[in-house]
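Got the viewer open and a hand on the selection box? Here is a tour to follow, one selection at a time.

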Amino acid sequence: MRACYSVFRLKLATGFQYRSAALAGIATQFFWGFIIIMVYQAFYSQPLADPPISLTQIVTYIWLQQAFLAFIALWFRDNELFQLITTGNIAYELCRPSGLYGLWYAKLLAQRLSSAVLRCFPILAVALLLPSPYRLTLPPDPATALLFLLVLILGLFILVAVSMLIYISTFITMSAAGSLLMFGVAGEFLAGMIVPVPLMPSWLQTIVYALPFRLAADFPFRVYSGHIPTDEALATIPIQLLWLAALVWIGRFAMGKALRRVVIQGG
Amino acid sequence: MRLFGKYLLILFKSQMQYRTSFWLLTFGQFFIPFSVFAGLYMLFDRFGQIQGWEFFEVALVFGVIHMAFAVSECLARGFDMFSTLIVNGDFDRLLVRPRSTVLQVLGSKFEFTRFGRLLQSLIVLIWALSKVEADWTLMKGVTLLFMIASGVMIFTGIFIVIATMCFWTVQGLEIGNILTDGGREMAQYPLNIYHKWITRFFTYVIPFGCVNYLPLQYILGRTEGSGVPYMLAPLAGCLFIVPCLLLWNFGVRRYRSTGS
């Protein structure tokens with residue numbers, strides 16, 4: 001546990017070294033957010049019978065998406081880990097006296113956290129001060145805010161567990177690009193990154209609700225805006241925990257399998 | 001031109017050396033815009049229309065813009081990756097050769113995996129063309145070709161400008177993504193759904209409006225009076241590349257090697 005913690009601190013410090021990259025990222029995300037919001041504004045400008053989610057809630061959804069991109073983007077990757085596997089340096093990692101799964105999990109978690117901490121505060125701060133149609137509204141009450149934080153963190157744990165599966169798959173395929181791309185595109189779509197989940201057709205929503213991807217992105221954001229009422233949110237938390245346990249278990253199992261017959265590449 | 005063909009052949013051969021990875025990436029490139037398009041479809045499924053634009057009209061714009069982006073990403077990849085040339089000091093070698101730098105940088109990289117993206121946009125375009133309500137004439141067909149060509153010119157121009165910045169900053173600028181990726185994302189809807197200032201900026205400064213909004217009105221027969229200015233708008237968009245090339249030449253003259 002202590003080893004994991006120090007890896008975590010190390011990664012956090014490295015992440016803070018790239019401040020100008022973060023700044024450029026923030027500018028891009030702002031522009032992106034504006035464009036998407038304007039598109040939705042245009043869609044909502046016509047008389048609608050009964051929209052499943054209001055424009056204010058969509059705006060909130062989009063700003064949160066931009067602010068916490070590092071928490072929810074599956075394509076966010078650590079090339080170091082891929083290289084470890086493909087170059088054979090994994091041998092060193094195996095010599096370390098701590099569980100590989102926990103160590104990598106801490107690494108990935110730290111990376112996402114450091115990137116998110118750098119980016120989310122400026123974006124949230126500015127988005128809160130924007131003029132009316134673009135403004136990020138505050139959650140309806142403090143309890144919702146707390147709940148949001150809780151489910152967001154849980155969602156982050158789930159997402160890291162999912163991305164661990166991508167890394168583990170590299171043991172078998174040796175080429176990260178393919179599985180990463182497929183996982184990334186499908187996962188993002190199913191997490192509501194391209195179209196918010198309430199706006200999807202109902203057959204797709206059934207699929208989305210059955211999978212864990214939305215628990216990391218769509219679910220916390222809708223809790224924030226109050227689109228998902230508190231009692232429903234509380235009822236979903238056990239599902240989150242269940243998925244987390246299942247994903248970690250699958251990850252550990254697959255990794256154990258992969259490591260038992262691991263081939264050290266290179267010489 | 002023959003030299004450029006040679007460059008392409010060599011690059012194609014080198015990329016085909018990693019066949020599985022090549023096909024996987026091409027396949028993946030097909031799916032990225034596909035998921036965006038699926039999202040577009042779902043939104044129209046839900047809302048019906050966007051400020052008077054029907055689904056197939058927007059799909060037409062989507063196809064044109066994504067095709068232009070894919071082609072220019074294939075072509076101008078060398079400019080996109082230009083900062084590596086500067087950082088490694090490899091640009092010096094290009095300067096001593098008796099050919100233009102633009103041609104050499106264009107030929108230094110060519111991303112064949114982007115054909116996946118191209119294919120996807122082609123399918124969308126054909127689908128939209130077969131469904132959109134417009135009476136087709138020869139002139140309209142020509143306008144459509146102009147739109148794609150003009151889009152390619154604009155995206156390539158942006159890539160060149162961003163690469164030119166490297167002469168001063170050495171490192172590549174992530175902020176340029178606003179203009180390339182952001183521009184693509186924005187221009188896949190007809191421009192008039194956005195705010196006035198955005199529309200103006202992307203018509204007069206970076207002429208995306210000349211690619212999508214103005215000629216689209218001509219194709220759909222919504223113009224009043226003569227359609228000729230609307231038809232020629234994409235050609236005006238093509239002119240965007242001229243100042244970009246001038247800026248490039250200016251940058252090349254200012255170039256100081258980073259050494260090796």
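How many residues of chain A are in contact with how many residues of chain B? The count is 25 in chain A against 28 in chain B. Keep in mind as you go that this is a predicted model.

**Stop 1: the A side of the contact**

Stay with chain A and colour α2 (19–44) and α9 (176–190): each supplies at least two residues of the side that touches chain B. The largest share comes from α2(A), with twelve residues. Now colour that side by class, and you get 20 nonpolar and five polar residues, with no charged ones.

**Stop 2: chain A as a whole**

Hide chain B for a moment. Chain A has twelve helices and zero strands, so cartoon view is a good choice here. Of its 267 residues, 40% are buried. Look at which parts of the chain meet: among contacts in chain A with a separation of 6 or more, 84% are between residues 24 or more positions apart.

**Stop 3: a pair of helices**

Select α3 (residues 55–67) and α7 (residues 100–129) of chain A. Their axes come within 8 Å and cross at roughly 155°. With angles over 145 degrees counted as roughly antiparallel, that makes α3(A) roughly antiparallel to α7(A). Show side chains where they meet: α3(A) brings W63(A), Q66(A) and A67(A), while α7(A) brings R119(A), C120(A), I123(A), L124(A) and A127(A). By class, this contact has six nonpolar residues, one polar and one charged.

**Stop 4: the core**

Bring chain B back. The largest nonpolar core has 144 residues. To find the spots with the most contacts inside this core, pick F71(A), I72(A), I158(A), A216(A) and V64(B). The helix that gives the most to this core is α8 (residues 142–173) of chain A, with 15 residues.

Zoom in on I158(A). Which residues is I158(A) in contact with, leaving aside its neighbours within four places in sequence? Label P212(A), L215(A) and A216(A), then Q240(A), W243(A), L244(A) and L247(A).

While you're in chain A, click T170(A), which is in helix α8. Is T170(A) buried or exposed? T170(A) is buried, because 20 other C-beta atoms lie within 10 Å. Draw a distance from T170(A) to P142(A), 28 residues apart along the chain: their C-alpha atoms are separated by 43 Å.

**Stop 5: α13 of chain B**

Over to chain B, and select helix α13 (residues 228–238). Its buried residues are Y230(B), M231(B), A233(B), P234(B) and G237(B). Look down the axis: these residues cover an arc of only 135°, which puts them on the same side of α13(B). The face turned away from that buried side carries the exposed residues V228(B) and P229(B). What covers the buried residues? The cover includes α9 (138–169) and α12 (213–219) of chain B.

Use M231(B) as a stepping stone to V142(B). Their C-alpha atoms are separated by 8.7 Å, although the two are 89 residues apart along the chain. V142(B) lies in helix α9 of chain B. This residue is exposed, because V142(B) has 12 other C-beta atoms within 10 Å.

Next, step to L220(B), in the loop between α12 and α13 of chain B. L220(B) counts as partly exposed, with 17 C-beta neighbours inside 10 Å. Apart from neighbours within four places in sequence, L220(B) is in contact with E57(B) and A134(B). For a longer line on screen, try L220(B) to G157(B): 63 residues apart along the chain, with C-alpha atoms separated by 28 Å.

**Stop 6: two last picks in chain B**

Select helix α7 (residues 101–108) of chain B. Its buried residues are V105(B), L106(B) and G107(B). Five helices of chain B to show around them are α1 (2–15), α3 (55–75), α4 (77–80), α5 (82–88) and α6 (91–95), against which those buried residues pack.

Finish on W23(B), in helix α2 (residues 19–47) of chain B. How does W23(B) count, with 13 C-beta neighbours inside 10 Å? W23(B) counts as partly exposed. One last distance: W23(B) and R114(B) are 91 residues apart in sequence and 11 Å apart in space, C-alpha to C-alpha.

Note on methods. Residues numbered from 1 in each chain as written. Chains lettered and ligands numbered in written order. Predicted model: local features only at pLDDT ≥ 70, side-chain atom pairs only at ≥ 80, totals over all residues. Axes fitted to C-alpha atoms, helices over the stretch in contact; angles between N-to-C directions. Helix = DSSP H or I, 4+ residues; strand = E, 2+ residues; numbered from the N terminus. Parallel < 35°, antiparallel > 145°, perpendicular 65-115°, else oblique. Contact = placed C-beta atoms within 7 Å. Nonpolar A, V, L, I, M, F, W, Y, C, P; charged D, E, K, R; others polar. Core = buried A, V, L, I, M, F, W, Y, C linked by C-beta atoms within 7 Å. Arc of directions from axis to C-beta.
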